[in-house]
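Me: I would like to go through some of the labels attached to this model and ask what each of them rests on. Could you take them one at a time, setting the value against the cut-off?

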Amino acid sequence: MKVVAQRVTEASVVVGGNTVAEIGQGLLVLVGVAPNDSEADAVAVASKLADLRVFMDADDKMNLSVADIDGQMLIVSQFTLLANVRKGRRPSFVGAAQPDHAAPLVQRVAEAVAEKGIGVATGVFGAAMSVSLTNDGPVTIVLESDAGSIR
């Protein structure tokens, strides 16, 4: 599982001209699922995201988590994170899981974050989405999970 987390002051998802999800301060999380990813990966990623200390404390140090600031997460599926561009100029997406495997795992990330008491909004799996955000910092962190181990 490959995840890109961006610290935001606000973020939203529009599908077909309608806003389907929006958050204020928190994290916009793009989630790419690989064929060998499991529920353990989803839970590990959610746990790491919930505890990631990327928000500023009173001393202007990145020392607070999204829960500490009473923030939210917007979780959006993003199969293109698994693109392979080693050969030619057209990305290959064979490293991305099929929708029937990926959708439940993206949903499991959202559920596991919510289980930690953090407000969660989600995009629409498989839809053409317009994602808007105001990146705060900017702060962008890339996480990868393999068999529940995060790097």
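Reply: Strands here are DSSP runs of E with at least two residues, numbered from the N terminus. With that in hand, serine 65 can be placed in the loop between strand S5 (62-64) and strand S6 (72-77). Please keep in mind that this is a predicted model.

Me: Why is serine 65 called buried?

Reply: The label buried requires a relative accessible area under 20%. Serine 65 has a relative accessible area of 6%, and therefore counts as buried. Leaving aside its neighbours within four places in sequence, serine 65 is in contact with Ala50, Asp51, Leu52, Arg53 and Phe55.

Me: What makes glutamine 6 buried or exposed?

Reply: Glutamine 6, whose place is in strand S1 (residues 2-15), has a relative accessibility of 15%, which is under 20%, so the residue counts as buried. Beyond its neighbours within four places in sequence, glutamine 6 is in contact with residues including Gly26, Leu28, Asn135 and Thr140.

Me: How do you know that arginine 7 forms a salt bridge with aspartate 136?

Reply: The term asks for a side-chain nitrogen of Lys or Arg within 4 Å of a carboxyl oxygen of Asp or Glu. The closest N and O atoms of arginine 7 and aspartate 136 are 3.3 Å apart, so the pair qualifies as a salt bridge. This pair links distant parts of the chain, with arginine 7 in strand S1 and aspartate 136 in strand S8 (residues 130-146), 129 residues apart.

Me: Why is aspartate 136 called partly exposed, and why does arginine 7 count as buried?

Reply: Aspartate 136 has 23% relative accessibility, which lies between the 20% and 50% limits, so it is partly exposed. Arginine 7, at 7%, falls under 20% and therefore counts as buried.

Me: What makes the pair of glutamate 39 and arginine 108 a salt bridge?

Reply: Their side chains meet at 2.9 Å, N to O, and the cut-off is 4 Å, so the pair meets the definition. Because glutamate 39 lies in helix H1 (residues 39-51) and arginine 108 in helix H2 (residues 99-114), the salt bridge ties together parts that are 69 residues apart in sequence.

Me: How do you know that arginine 108 and glutamate 111 also meet in a salt bridge?

Reply: The N to O distance is 3.8 Å, still within 4 Å, and the pair is therefore counted as a salt bridge. Both residues lie in helix H2, three residues apart, about one turn of the helix. Salt bridges that share partners join Glu39, Arg108, Glu111 and Glu115 into one network.

Note on methods
Residues are numbered from 1 along each chain as its sequence is written. This is a predicted model: local features need pLDDT of at least 70, side-chain atom pairs count only at pLDDT 80 or more; totals for chains, interfaces and linings use all residues. Side-chain values use heavy atoms; hydrogens and water are left out. Helices (H or I, at least four residues) and strands (E, at least two) are DSSP runs, numbered from the N terminus. Buried means under 20% relative accessible area, exposed over 50%, partly exposed in between (1.4 Å probe, protein chains only). Contact means heavy atoms within 4.5 Å.
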